[in-house]
Amino acid sequence: TLELRALMLDIPVQDYKNERIDEDINYTGYAEVELTPEQYNNIENLYYEDIPKEIFENEFLLLKCGNVSRTAIARKGKINLIDLNRVNAMGITGRNLSQKFALYALMAPASEIPLVVLKGIAGTGKTLLAIAAGLGQSYGGKSLKENVYRNTMICRPHVLTEDFGAIPGDINTKLDPLMMPIKDNIEVILTKGGKEKEDSFELYKQIEDMFYSRNVEVAPLAYLRGRSLPDRFLIIDEAQNATPAQMQLIISRVGANTKVVLCGDPDQTDNGDRFHNGISFVAHKMKNDPLCAQISFIKDKEIDLTSLNHILKTGRKIISIGYFMAIICLVLLGTYLIKEWGILQIIGELLVVVSPIFIGFLIAWFFDPMVSWLQDNKVPRIIGCILVYLLIIGIMFLIAYLFVPSLLSQLREFVQSAP
């Protein structure tokens with residue numbers, strides 16, 4: 001292309017349209033602020049100029065003073081305290097601070113925060129929280145009058161290709177690949193993350209009824225052109241694959257009392273890069289805007305498979321170090337005993353010492369089944385592991401206390417009486 005040829009000749013180039021974000025996009029939408037005791041005592045009357053950092057509109061704050069803290073949001077020049085413990089959607093609550101902030105922004109009225117931008121890696125709960133908030137305000141009411149929005153509408157930039165002709169069938173058949181991840185999230189929400197057991201057929205009927213009655217509507221992003229969308233909870237999933245022009249189209253399509261939620265990971269875009277995609281463009285342009293709240297889910301603060309794998313690797317390293325130290329101790333102990341007792345007596349002592357260890361290994365063989373049984377009885381896995389470890393150690397000490405002294409004395413007598 002022309003841009004590549006220019007770069008080869010060391011000619012500076014730039015995009016024709018001003019759609020590229022040339023600065024870093026690490027704005028997270030929330031910050032920790034350390035207050036003085038005087039400021040903390042007057043925490044309900046704080047303004048932007050009282051905070052020792054630059055404050056942006058609709059930025060969430062964790063105000064700390066020593067070991068105590070409060071949560072707040074910056075709005076219209078004032079620091080407003082908020083209670084995150086009461087915020088939930090369809091029984092779903094945030095597991096960490098960033099998810100709780102995001103849920104607060106999602107549940108805020110469209111008149112206060114009509115646009116919410118959620119950025120983060122896969123598996124951090126962006127889409128799940130957005131769908132839960134949408135259902136909670138359009139489906140969770142006891143009557144239609146109690147619902148804030150007409151329905152929850154979910155859009156994606158594309159399914160498999162931008163042109164749906166690659167998939168045979170009518171529009172419903174073409175939308176099936178788009179609807180499957182949405183249905184998976186709805187199933188998690190209705191079962192409270194698997195905590196509540198429901199009949200599979202009844203659950204399937206309930207989810208299908210949501211789509212049939214249009215309480216949940218799924219549509220390709222390209223089909224929004226020309227539509228007016230009042231009273232909707234509109235979710236744009238995988239927004240990093242949309243272009244800035246498509247984002248402008250969406251925002252211009254919304255009507256009165258419509259809330260727009262953008263979910264995506266700027267680092268996993270199929271179109272452009274992290275500085276040139278729809279969600280990065282909107283996040284940059286709407287930063288410090290009173291109509292928009294943003295939350296970025298930071299990788300090292302989320303519970304994901306990567307962090308779990310790191311914990312497992314650390315555990316293996318600790319076990320390897322323990323084995324190495326045990327071998328060194330056994331070598332030193334063996335050298336000392338050979339010098340003091342002699343080979344025959346050492347063999348007898350080792351047989352006695354090894355017997356409870358062998359029994360311990362037999363118990364350890366059933367470690368996973370025992371932990372699984374405890375988990376089935378609603379005991380957390382980490383607590384189950386600790387309990388089983390304590391059980392194994394206790395049995396080994398009990399065996400050593402009851403049997404080892406008498407066996408040692410008998411073996412000593414046998415060794416001393418041997419010719």
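Here is a walk through this structure, from the overall picture to the two sheets and then to a few individual residues. Keep in mind that this is a predicted model.

Let's start with the whole chain. The protein chain has 419 residues, and 40% of them count as buried. Its secondary structure comes to twelve helices and ten strands. If you look at contacts between residues at least 6 apart in sequence, 70% of them join residues at least 24 apart. As for the outside, the accessible surface is about 25200 Å², with 60% of that belonging to carbon and sulfur atoms.

Now find the six-stranded sheet. It is an open sheet with parallel pairing, and its strands are ordered β7-β6-β8-β9-β5-β10. At the edges sit β7 (216–220) and β10 (292–297), each of which pairs on one side only. Going from one strand to the next, the twist averages 15°. One helix to spot here is α3 (residues 97–107), which packs on this sheet and touches β5 (115–120), β8, β9 and β10. The direction of α3 makes about 155° with that of β10.

A quick reminder before we look at the pairings: strands of a sheet pair through backbone hydrogen bonds, either parallel or antiparallel. Strand β6 (residues 151–156) is a good place to begin. Five bridges join β6 to β7, the two running parallel, and in that pair I154 has V218 of β7 as its bridge partner. β6 also pairs with β8 in the parallel sense, again over five bridges; there, C155 is partnered by I236 of β8. Moving along, β8 (residues 232–236) is joined to β9 (residues 259–264) by four bridges, with the strands running parallel. In β9, V260 is the residue that stands opposite L234.

How many of the six residues of β6 are buried? Six of the six are, so this strand is largely enclosed by the rest of the structure. Both of its faces are covered. N151, M153 and C155 are buried on one side, and T152, I154 and R156 are buried on the other.

Helix α8 (residues 278–285) tells a related story. Six of its eight residues are buried, so α8 is largely enclosed by the rest of the structure too. The buried residues are G278, I279, S280, F281, V282 and A283. What do they pack against? Their neighbours are the strands β5, β9 and β10, along with helix α7 (244–253).

On to the other sheet. Here four strands form an open sheet with mixed pairing, in the order β1-β2-β3-β4. The edge strands are β1 (30–34) and β4, and each pairs on one side only. Ignoring direction, neighbouring strands of this sheet are turned by 35° against each other on average. Helix α3 shows up again: it packs on this sheet, touching β1, β2 and β3, and its direction makes about 130° with that of β2. So if you trace α3 on screen, you will find it packing on the four-stranded sheet as well as on the six-stranded one. Within the four-stranded sheet, β2 (residues 60–65) and β3 (residues 68–75) pair in the antiparallel sense over six bridges. L63 has R70 in β3 as its bridge partner.

A couple of backbone oddities are worth a look. M90 has a positive phi of about 55° although it is not a glycine. You'll find M90 in the loop between β4 (78–81) and α3. D231 is not a glycine either, yet it has a positive phi of about 55°. D231 lies in the loop between β7 and β8. Is D231 buried or partly exposed? Its relative accessibility is 26%, so D231 counts as partly exposed.

Finally, head to the start of the chain and look at the surface. L4, L7, M8, L9, I11 and V13 form a nonpolar patch there, and together they have about 620 Å² of accessible area. L7, one of these residues, is found in helix α1 (residues 2–8). With 46% relative accessibility, L7 counts as partly exposed.

Terms used: Residues numbered from 1 in each chain as written. Predicted model: local features only at pLDDT ≥ 70, side-chain atom pairs only at ≥ 80, totals over all residues. Heavy atoms only, no water. Pairing = 2+ DSSP bridges. Axes fitted to C-alpha atoms, helices over the stretch in contact; angles between N-to-C directions. Contact = heavy atoms within 4.5 Å. Buried < 20%, exposed > 50% of the residue type's maximum accessible area, 1.4 Å probe, protein only. Areas by Shrake-Rupley, 256 points an atom, 1.4 Å probe, with all protein chains shown as cover. Patch = residues over 30% accessible without salt bridge, like charges linked within 9 Å, V, L, I, M, F, W, Y side chains within 5 Å. Salt bridge = Lys/Arg side-chain N within 4 Å of Asp/Glu carboxyl O.
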